[in-house]
Amino acid sequence: MQCWRGPEGIIVEVIVLDTAPLYRVSKVVNDTKYFVAYCANTERLAEHVDLADLCEVIDFPAPYAAP
């Protein structure tokens, strides 16, 4: 799953809801995640967050542990 983080605790994730790909915008405040909006395109997403401020979060695989 793609995930981007922005300033002030903004999290943007790509999800599939009822077969439609959407951006889910959330905000973390005091370790609690709050839902902000579902956005169908980047124009709607830009209403909630400045797209230039988003940084992609990349999950790295766990390091290989030799037996």
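## Terms and model

Two strands are said to pair if DSSP finds at least two bridges between them. Helices (H or I, at least four residues) and strands (E, at least two) are DSSP runs, numbered from the N terminus.

This is a predicted model, in which local features need pLDDT of at least 70, side-chain atom pairs count only at pLDDT 80 or more, and totals for chains, interfaces and linings use all residues. Residues are numbered from 1 along each chain as its sequence is written, and side-chain values use heavy atoms, with hydrogens and water left out.

## Overall form

The protein has one helix and five strands. Read from the N terminus, these elements follow the order β-β-β-β-α-β. The protein is more spread out than a compact globule, because its radius of gyration (taken over C-alpha atoms) is 14 Å, well over the 11 Å that the globule rule gives for 67 residues. That rule is 2.2 Å times the number of residues to the power 0.38. Along the principal axes, the C-alpha atoms fill a box of roughly 50 × 30 × 25 Å.

## The sheet

Strands of a sheet pair through backbone hydrogen bonds, either parallel or antiparallel. Here, five strands form an open sheet in the order E4-E3-E2-E1-E5, with antiparallel pairing. Strand E4 (32-39) and strand E5 (55-56) are the edge strands, and each pairs on one side only.

Eight bridges join E2 to strand E3 (residues 20-29), and the two run antiparallel. One of the paired positions is Ile-10, whose bridge partner in E3 is Lys-27. E2 and E3 form a hairpin with two residues between them, and Asp-18 in the turn has a positive phi of about 55°.

Strand E1 (residues 3-5) pairs with E5 over two bridges and with strand E2 (residues 10-17) over three; both pairings are antiparallel. Arg-5 has a partner in each neighbour: Cys-55 stands opposite in E5, and Ile-11 is the bridge partner in E2. The hairpin of E1 and E2 has four residues between the strands, and Glu-8 in that turn has a positive phi of about 60°.

## Surface and charge

Buried residues (under 20% relative accessible area, with a 1.4 Å probe and protein chains only) make up 22% of the 67 residues. The protein exposes about 5,200 Å², of which carbon and sulfur atoms supply 55%; the area comes from the Shrake-Rupley method with a 1.4 Å probe.

There are 5 positive side chains (Lys and Arg) and 10 negative ones (Asp and Glu), with His and the chain ends not counted. The centres of the two sets lie 5 Å apart, with each charge placed at NZ of Lys, CZ of Arg, CG of Asp or CD of Glu.

Methods
Buried means under 20% relative accessible area, exposed over 50%, partly exposed in between (1.4 Å probe, protein chains only).
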